[in-house]
Amino acid sequence: MTIHNFNPGPAVLPRAVLERAQAELLDYQGRGMSILEMSHRSKEYEAINARAEARFKALLGLSDDYRVLFMQGGASTQFALVPLNFLVPGKVADYVVSGSWGEKALEEARRVGRTAVAASSAEGNYRRVPAPAEIRLSEEPAYVHITTNETIQGVQWADIPAIEGVPVVADMSSDIMARPFDASRLALFYAGAQKNLGPAGVTVVAINQGFMQQARADLPAIFSYKTHAKNNSLYNTPPVFAVYMLDLVLEWIEALGGLSAMAERNARKAALVYAAIDRSGGFYRGHAEPGSRSQMNATFRLPDESLEKRFVSEAQAEGMVGLAGHRSVGGIRASLYNALEEQSCLALAQFMDAFAAKHG
Ligand SMILES: *Cc1c(COP(=O)(O)O)cnc(C)c1O
């Protein structure tokens with residue numbers, strides 16, 4: 001049976017990437033051993049590290065004003081490192097909160113220093129992202145933090161909001177590389193790899209060098225962005241296999257035509273699923289307001305929880321896995337990351353039509 005993998009993360013990876021990793025697993029480039037078994041100081045790994053950084057920058061059109069770091073501890077570690085590095089005494093960090101991950105980021109910053117909520121769409125449990133005009137900044141904030149796609153509620157900014165005069169920091173864990181965006185609007189952005197970029201274990205951080213200079217210098221070395229930049233992400237042992245996989249995923253994105261090709265592919269995929277919601281006559285109720293719908297995570301409810309359970313188990317029986325909503329919100333969530341094929345969205349939309357016809 002074909003498996004259609006709608007897992008929210010760790011998530012589906014490109015088949016071609018997995019096959020390549022399998023083919024190279026026992027003997028990496030004729031060395032007679034796996035990349036898993038080599039020093040991170042080997043020329044083989046140094047090449048992977050450099051190539052992954054170069055590909056990441058090329059795909060996003062990032063200038064040399066930015067450094068790209070491969071770090072560990074997931075996006076959750078970035079929730080703490082951003083304020084530790086930049087929320088200096090006397091300053092306030094502003095947070096735009098559009099869902100559960102933004103709340104978590106704010107919670108961590110509160111442990112470090114003074115924070116303010118610059119905008120929130122909590123009312124109605126995050127059915128939309130705030131409008132850029134709703135954002136109210138503090139006087140001289142250290143930075144303003146946004147979450148470009150809220151993976152749990154399924155709401156996404158249509159575009160990176162242009163916020164002038166303050167460094168903008170973005171958690172892009174669940175929509176990085178899904179479409180082109182203006183990275184020059186961001187002073188720092190980060191993404192755990194396990195949604196759109198590769199396996200769990202590596203977190204990519206892109207940081208403007210001028211912004212990095214403002215980071216405090218009195219942190220333990222391992223918590224300091226400067227340390228990782230100075231050491232080319234090789235300060236301590238990196239997650240070599242995760243970075244190797246990341247490089248292969250970036251190569252796969254390049255081969256498919258880069259971010260504009262990803263954007264077209266993702267728009268087509270999401271349209272298939274949202275159309276099934278919209279033509280169901282109210283049987284499926286989308287969580288997000290149409291203008292804030294996420295192309296990465298489509299979230300919706302059915303008339304009652306027993307039907308939702310049935311939906312998940314009947315879908316599973318047809319090979320569609322990972323559709324249960326996050327435990328904190330319930331309902332259904334279909335995660336449609338880059339590597340998910342269009343045929344999986346087609347299969348889901350057909351299943352949704354048939355399920356609604358049977359139970360509606
Ligand atoms: C998954 C996710 C996180 C958490 O990532 P971890 O790697 O588990 O720390 C944070 N932010 C967003 C937007 C996410 O989707």
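These exercises walk through helix packing, a ligand site and some loop residues in the structure above.

The model is predicted, so local features need pLDDT of at least 70 and side-chain atom pairs count only at pLDDT 80 or more, while totals for chains, interfaces and linings use all residues. Residues are numbered from 1 along each chain as its sequence is written, and side-chain values use heavy atoms, with hydrogens and water left out.

**Exercise 1. Describe how α1 packs on α7.**

Step 1: Two packed helices are described by the angle between their axes and the distance between the axes. Helices here are DSSP runs (H or I, at least four residues) and strands are runs of E (at least two), numbered from the N terminus. Axes are lines fitted to C-alpha atoms, for helices over the stretch in contact, and angles run from 0 to 180 degrees between N-to-C directions.

Step 2: The axes of α1 (residues 15-24) and α7 (residues 240-256) come within 10 Å and cross at roughly 135°. That makes α1 oblique to α7 (under 35 degrees is roughly parallel, over 145 roughly antiparallel, 65 to 115 roughly perpendicular, and the rest oblique).

Step 3: The crossing of α1 with α7 is right-handed (the near helix is turned clockwise from the far one by less than a right angle; anticlockwise would be left-handed).

Step 4: Now list the contacts (heavy atoms within 4.5 Å). Val17, Leu18, Arg20, Ala21 and Glu24 in α1 meet α7 residues including Tyr244, Leu248 and Trp252. By class, the contact of α1 with α7 has nine nonpolar, no polar and three charged residues (Ala, Val, Leu, Ile, Met, Phe, Trp, Tyr, Cys and Pro count as nonpolar, Asp, Glu, Lys and Arg as charged, and the others, Gly among them, as polar).

**Exercise 2. Repeat the analysis for α2 and α7.**

Step 1: Helix α2 (residues 43-60) packs on α7 at an angle of about 40°, with the axes 9 Å apart. That makes α2 oblique to α7.

Step 2: Here the crossing is left-handed.

Step 3: On the α2 side, the contact includes Tyr45, Ile48 and Phe56, and on the α7 side Val240, Tyr244 and Leu250 are among the partners. The residues of this contact divide into 11 nonpolar, no polar and five charged.

**Exercise 3. Which residues surround the ligand most closely, and what polar contacts are there?**

Step 1: Start with the surroundings (a heavy atom within 4 Å). 13 residues surround the ligand, and the closest are Ser76, Thr151, Asp171, Gln194 and Lys195.

Step 2: Look for polar contacts (pairs of N or O atoms within 3.5 Å). An N or O atom in the side chain of lysine 195 is 2.7 Å from a ligand oxygen atom. For a polar side-chain atom of glutamine 194, the distance to a ligand oxygen atom is 2.8 Å. A polar backbone atom of alanine 75 lies 3.2 Å from an oxygen atom of the ligand.

**Exercise 4. Where are proline 10, asparagine 125 and proline 199 found?**

Step 1: Proline 10 is in the loop between β1 (4-5) and α1. A cis peptide bond joins glycine 9 to proline 10, with omega about -10°.

Step 2: Asparagine 125 is in the loop between β4 (114-120) and β5 (143-147). Although asparagine 125 is not a glycine, its phi is positive, about 55°.

Step 3: Proline 199 is in the loop between β9 (188-192) and β10 (203-208). Not counting residues up to four places away in sequence, proline 199 touches Leu13, Ala193, Gln194, Ala242 and Met245.

Notes: A polar contact is a pair of N or O atoms within 3.5 Å; within protein, one must be able to donate a hydrogen and the other to accept it, and residues adjacent in sequence count only if both atoms are side-chain atoms.
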